[in-house]
There are 4 protein chains.
Amino acid sequence: MSQQDKMIEELFHNADELTEKQKKIVAAAIESFAEKGFAATSTSEIAKKAGVAEGTIFRHYKTKKDLLMAIVAPTMAKLIAPFVIKDFNKVLNHDFDHFEDFIKAIIENRIKFLKNNMSLFRIVIQEIPFQPELREQFKEHIAQKIIERLRQIVEHYQAKGQIIEMPPDTIIRVTLSTIFGYIIARYLLAPEEEWDDNTEIERTIQFLMNGLSLEK
Amino acid sequence: MSQQDKMIEELFHNADELTEKQKKIVAAAIESFAEKGFAATSTSEIAKKAGVAEGTIFRHYKTKKDLLMAIVAPTMAKLIAPFVIKDFNKVLNHDFDHFEDFIKAIIENRIKFLKNNMSLFRIVIQEIPFQPELREQFKEHIAQKIIERLRQIVEHYQAKGQIIEMPPDTIIRVTLSTIFGYIIARYLLAPEEEWDDNTEIERTIQFLMNGLSLEK
Amino acid sequence: MSQQDKMIEELFHNADELTEKQKKIVAAAIESFAEKGFAATSTSEIAKKAGVAEGTIFRHYKTKKDLLMAIVAPTMAKLIAPFVIKDFNKVLNHDFDHFEDFIKAIIENRIKFLKNNMSLFRIVIQEIPFQPELREQFKEHIAQKIIERLRQIVEHYQAKGQIIEMPPDTIIRVTLSTIFGYIIARYLLAPEEEWDDNTEIERTIQFLMNGLSLEK
Amino acid sequence: MSQQDKMIEELFHNADELTEKQKKIVAAAIESFAEKGFAATSTSEIAKKAGVAEGTIFRHYKTKKDLLMAIVAPTMAKLIAPFVIKDFNKVLNHDFDHFEDFIKAIIENRIKFLKNNMSLFRIVIQEIPFQPELREQFKEHIAQKIIERLRQIVEHYQAKGQIIEMPPDTIIRVTLSTIFGYIIARYLLAPEEEWDDNTEIERTIQFLMNGLSLEK
DNA sequence: TATGAATGAGCTTTCATTCAT
DNA sequence: AATGAATGAAAGCTCATTCAT
């Protein structure tokens, strides 16, 4: 099973139900959407790359946009998965005494995920500005549920006196900026440069902790 | 003269040479490209919005992509203008004894610019992933010239002992992440929310200075 | 099966592989190209005449020029077919003791062919001046291979003392001029006049033989 | 005065009345029409080549087709000029005792004319099939007046016993085929080959005389 | 289920022509 | 007389989608 396949298997929990052809369609679509954008990718191109007839795409996905959604929706779900597990707060209390540990864990975990799903991530952030439907989903799930959860976390560590007194939303913003700034620079803007990932992530965390922690 | 016009006047210094119709075309294109993306915007739509015949667009811009470039290239130039002025380093030495002052000045200045040119900024960041030509220009001008300049600045303040010892590129990365993170959150992700801009910028700078300065 | 269909069947030996629609497109294109010329014929016009959607044309022929080539190339091949059969010289030796017999046979045969394919012939001679690609094909196939073959024939009959001593190329030229002059006058310049074809062809051959033969 | 200019001067008797710009337009049109055909040549292309504004063309020629006609009509007139002079028969009686002399004179004269006006000739024969208006003019002037005149000439020499008894139209046809066959081969099909023009014309006449004369 | 020919609306672009300057 | 910006119809071509097989 190829890396590509694994990504798709992982993306669709019910991947068993996907035809072989369907998997090929999805794989081809991901590749093209990431590279040229949704609007600039033609269904005939996807069909050719997937080695199926054009009609086959529309048998499985009523419209081209449906195909996009079939890719993007589970990607967003997976992306936020760690934050929506039940008993998230318990996990938090038990596992991470310090904010730094929490941040480290979450960064490591999410970077690993994104690294393995970079094309999917590309599609999500590239298409969100253009697809109102997508933007809606994003706002509903991320901006509301996730931010709410993150707020609790921040307040949790603020109560513990581990991070500075600042509106939680501001802290979330600068934290996410820093993390996504790293991912975008590392994997999208300058992927061909030599990166010492471990060191660079450490530095990023160091900056973040410096910026957010009280004592120094 | 409308706000729109002013933006365009400012964008093309030689705006005098633009026909009235040409300005309308550019304004319409900016609006549509920002909203729906380059690929999903049709020239007929631009023509209609601009109140000109479709042929008129192609009299001035040989292709649809030419029109995009005519918009994006000067935008990128304006965006980086403050960093390419002659005697930049002198200005630096004389005007800003502290890194914080420098950062404050530059943030204030660039945020003001972007706020007035948000649609242009949108187009630039939205289309860079899809237009290899654009990516090339971006890399050549921004990634190389500007980064080089910023490196010198960072080293300058590091030598002065005002910011932590870390590879300049890393410092640049986290700094830009923080700044653009603010702009994107403020103007693209949640523009309709109430923002106390001054306070929020202050906090952002505070975070940045905490993260980068030596003493605390 | 109509006359039109038969012509097309004959033109494309593998006509079985042509869709019904494809045949209609080709027939419509032949009619319009012959009448108004390639450049002055629009694809929408062809589509309408063929009773298909315009898109259908482009499904089968990537470009309008491809459609022209699909018509012209096999026409040129058919036109020169009698001269490229294997053992052409043997045929010559056995069947035609006299140049006059040979000329008669070839004229009769080719005139018959052209009469049945006049629109195709029109397209070929009308478009050759404008399509460099076509001119290339024409030169390569006709001007080189065929002329070479004709040269041998002329020399053969010259050796037999049946036609005058003159450079073979000159003899070929005046012969072809005479034959095509007849066809063009008969079928293109004055098709509506009353022609006694048999007599006129006889006279043409008589002139040709007078002009080329030694004895009188 | 360039060769180009001379051709145009000669083409329009009232060339004095042509603006400098007009001459340039005509020259540019001739070049492009000959090369790519009327339908495939755009007026903007002509304007550019002529170094004038597009509007200027339409100031002088109401439509693109008018421009074509302004070129083609006088060309056809010039081409047939020698046959329409008054007292043509007198000239004939006095100057040419033998058909061969007449043929020689006329061939020499017309070939010289065509050689100097090859682009014009190209345009005429290339556009006649496509422009009904042109075809009409051609038929009216050439096919009727000229053929009538040629008929008289042929009958004149037939009466003198110098050419074979054959319907004059047939004799005209084979004669013109032979002459134009030479011109087309020489100047249009294989202009880049080495031609010994004098010898080749001699041979052509020899063939023609052989074909048409009684005695041998 | 899968195909791929067929569709027709819509795309970018070109063009002959007009007209205010 | 000459310009060239402007036009809008029409060009060649692409596309997402349908449907008979």
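Of the 33 residues around DNA strand E, which come nearest? In this predicted model, those residues are A:Thr56, B:Thr43, C:Thr56, C:His60 and D:Thr43. Where the strand comes within 4 Å of the protein, sugar and phosphate account for 60% of the atoms of DNA strand E that do so.

Individual contacts to the phosphates can be followed in chains C and D. In chain C, a polar atom in the side chain of C:Thr56, one of the nearest residues, is placed 2.5 Å from a phosphate oxygen of DNA strand E, while the side chain of C:Lys21 brings an N or O atom to 3.0 Å from a phosphate oxygen of that strand. In chain D the backbone takes part, since a polar backbone atom of D:Thr41 lies 3.3 Å from a phosphate oxygen of DNA strand E. The elements that give two or more residues to the surface near the strand are helix 4 (54–60) of chain A, helix 3 (43–50) and helix 4 (54–60) of chain B, helix 4 (54–60) of chain C and helix 4 (54–60) of chain D. Sorted by class, the residues of this surface are 19 polar, 8 charged and 6 nonpolar.

The relation between the protein copies can be followed for chains C and D. A turn of 180°, with a shift of 0.1 Å along the axis, lays chain C on chain D with an RMSD of 0.1 Å, which is the relation of a two-fold axis. Within chain C, the C-alpha nearest that axis belongs to C:Gly211, at 1.9 Å from it. Both copies use the same surface, in that 97% of the contact residues of chain C recur in chain D.

Technical notes
Residues numbered from 1 in each chain as written. Chains lettered and ligands numbered in written order. Predicted model: local features only at pLDDT ≥ 70, side-chain atom pairs only at ≥ 80, totals over all residues. Heavy atoms only, no water. Near = heavy atom within 4 Å. Polar contact = N/O pair within 3.5 Å; in protein donor to acceptor, adjacent residues only side chain to side chain. Helix = DSSP H or I, 4+ residues; strand = E, 2+ residues; numbered from the N terminus. Nonpolar A, V, L, I, M, F, W, Y, C, P; charged D, E, K, R; others polar. Least-squares fit on C-alpha atoms with pLDDT ≥ 70 in both. Contact = heavy atoms within 4.5 Å.
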